Amino acid sequence: MSKSTLGIIGGGQLGSMLAVAANKLEIKTIVFCDDIDAPAQNFSNEFIYGQYNDQSKIGEFINKVDVVTYEFENIPYETLNKINKIKPVFPKPSINRIIQHRLAEKDFINKLNIRTTRYASIKKKSELESLKDLLPGLLKTTTLGYDGKGQHPIKNLEDLDSLNLDYSKEYILEKLVKLKKEISIIITRFDHQKYEIYEPIENVHEDQILRHSKIPAEINDKIFEQSKLWATQIAEELKYVGTLCVEFFIDRNDNLYVNEIAPRVHNSGHLTINAYNISQFENHVRAVCKLEQISLKKITNAKMANIIGDQITIYRNKKFENNEFFFDYLKKEIKNKRKMGHLTTLII
Ligand code: AMP
């Protein structure tokens with residue numbers, strides 16, 4: 001389906017980078033977003049502003065596109081499903097439904113015999129009291145959490161009392177992994193057993209927000225292979241089309257665990273723009289628009305630093321070396337803890 005029009009739901013930095021990649025491939029893009037200031041409108045051919053349940057805006061979007069993708073997982077399932085009845089949506093809405101719910105996601109991964117941290121569903125406080133062996137743990141909302149939002153460290157039951165949780169919502173309690181490091185695998189699946197997979201990326205989080213990524217990850221060969229194998233199994237089982245990220249924990253005994261799956265391009269893969277012949281964004285567009293699959297080649301090692309909050313003002317006035325690539329997300333408002341841009345440095 002070459003030269004098709006790609007609809008992108010969500011207009012943040014990931015939507016922007018998808019639009020840039022599509023443009024390079026001469027694919028027209030239309031971004032649909034509920035933020036009137038969405039930065040992706042600076043990079044797309046067209047922009048539709050509307051709420052994700054606004055039926056007339058959804059209808060307008062459907063009429064204008066040939067194929068649809070999205071930049072974040074928390075889009076109402078009904079919206080994706082409605083669009084998918086008329087124009088193909090990749091990844092499939094049913095995949096998104098599993099992954100946007102932490103419990104369904106972990107159940108799915110465990111059914112594949114892939115290790116996750118131990119966890120339990122929490123629906124009321126009394127249940128939590130019987131799960132002391134999961135402490136110290138992290139209590140997370142089952143939906144709508146990202147960058148540490150909706151997460152509470154729980155050392156003991158008293159911590160819980162002070163939280164005054166709203167038990168009309170559903171929570172998951174996860175055993176805290178004694179982390180040695182975190183890695184991610186970015187994989188683009190085109191079709192049955194047809195993949196392009198990037199090498200493991202090592203990630204450093206601060207306050208649960210990704211701060212730094214680098215390749216190569218400093219990991220042993222077993223973890224290198226195991227993480228790639230698990231990511232491939234997950235993508236295949238989901239019959240996934242497009243770019244997917246699997247985030248992993250490695251504990252102090254070198255055990256590997258899947259933390260979570262992101263059914264989309266991912267922040268840890270930004271360095272693929274400069275370090276590989278084909279970026280995670282271009283590969284996503286190639287897969288969802290049924291374009292040619294090209295073998296991945298790493299050009300150089302690289303590291304990436306996220307630029308958070310008002311740090312961006314320093315970078316906007318900075319001069320860069322030839323091996324440094326600064327990306328300004330052009331967000332109108334600078335907010336504390338908001339990802340405003342990133343810097344990739346090629347290690348030549
Ligand atoms: P998440 O949104 O679940 O990916 O969590 C964000 C970050 O919080 C992770 O990348 C880890 O750094 C940390 N984290 C989350 N869950 C756990 C856990 N069960 N054990 C240790 N660290 C965790």
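Which residues does histidine 270 touch, not counting residues up to four places away in sequence? In this predicted model, the partners of histidine 270 are Leu14, Met17, Gln280, Phe281, Met304, Tyr329, His342 and Thr344.

**View 1. Surroundings of histidine 270 in the loop between β14 and α9.** Histidine 270 is placed in the loop that runs between β14 (256–262) and α9 (272–275). Its relative accessibility is 1%, and because buried means under 20% relative accessible area, histidine 270 counts as buried. Among the residues that histidine 270 touches are Gln280 and Phe281, both of which also appear in the list of buried residues of α10.

**View 2. The whole protein chain and its domains.** The protein chain has 11 helices and 17 strands. The radius of gyration is 20 Å, close to the 20 Å that the globule rule gives for 348 residues, so the protein chain is as compact as a globular protein of that length. Taken along the principal axes, the box that the C-alpha atoms fill is roughly 55 × 50 × 45 Å. Of the 348 residues, 54% are buried, and, of the contacts with a separation of 6 or more, 61% are between residues 24 or more positions apart. The exposed area of the protein chain is about 15900 Å², with 48% of it supplied by carbon and sulfur atoms. The domain assignment gives domain 1 (5–89), domain 2 (118–175) and domain 3 (179–347). Where domain 2 meets domain 3, the contact takes five residues from domain 2 and five residues from domain 3, while the C-alpha centres of domain 2 and domain 3 lie 28 Å apart.

**View 3. Helix α10 and lysine 290, which takes a positive phi just after α10.** Nine of the nine residues of α10 are buried, so this helix is largely enclosed by the rest of the structure. The buried residues of α10 are Gln280, Phe281, Glu282, Asn283, His284, Val285, Arg286, Ala287 and Val288, a list that includes charged side chains such as Glu282 and Arg286. Lysine 290 is placed in the loop between α10 (280–288) and β15 (301–308), and, with a relative accessible area of 44%, lysine 290 is partly exposed. Although it is not a glycine, lysine 290 has a positive phi of about 55°. The C-alpha atom of lysine 290 is separated by 9.5 Å from that of aspartate 191, a residue 99 residues apart from lysine 290 along the chain.

**View 4. Helix α5 and asparagine 113.** Helix α5 covers residues 102–111, and its buried residues are Arg102, Leu103, Glu105, Lys106, Phe108 and Ile109. Just after α5, asparagine 113 takes a positive phi of about 65°.

**View 5. Two cis peptide bonds and the backbone at glutamine 208.** Most residues other than glycine have a negative phi, and most peptide bonds are trans. Phenylalanine 90 and proline 91 are joined by a cis peptide bond with omega at about -10°, and proline 91 lies in the loop between α3 (77–86) and α4 (93–99). A cis peptide bond also joins isoleucine 215 and proline 216, with omega at about 0°; proline 216 is found in the loop between β12 (209–215) and α8 (221–237). Glutamine 208, although not a glycine, has a positive phi of about 65°. Glutamine 208 is found in the loop between β11 (201–206) and β12, and at 37% relative accessibility it counts as partly exposed.

Notes
Residues numbered from 1 in each chain as written. Predicted model: local features only at pLDDT ≥ 70, side-chain atom pairs only at ≥ 80, totals over all residues. Heavy atoms only, no water. Helix = DSSP H or I, 4+ residues; strand = E, 2+ residues; numbered from the N terminus. Buried < 20%, exposed > 50% of the residue type's maximum accessible area, 1.4 Å probe, protein only. Contact = heavy atoms within 4.5 Å. Rg over C-alpha atoms; globule rule 2.2 N^0.38 Å. Areas by Shrake-Rupley, 256 points an atom, 1.4 Å probe, with all protein chains shown as cover. Domains from an automatic or database assignment.
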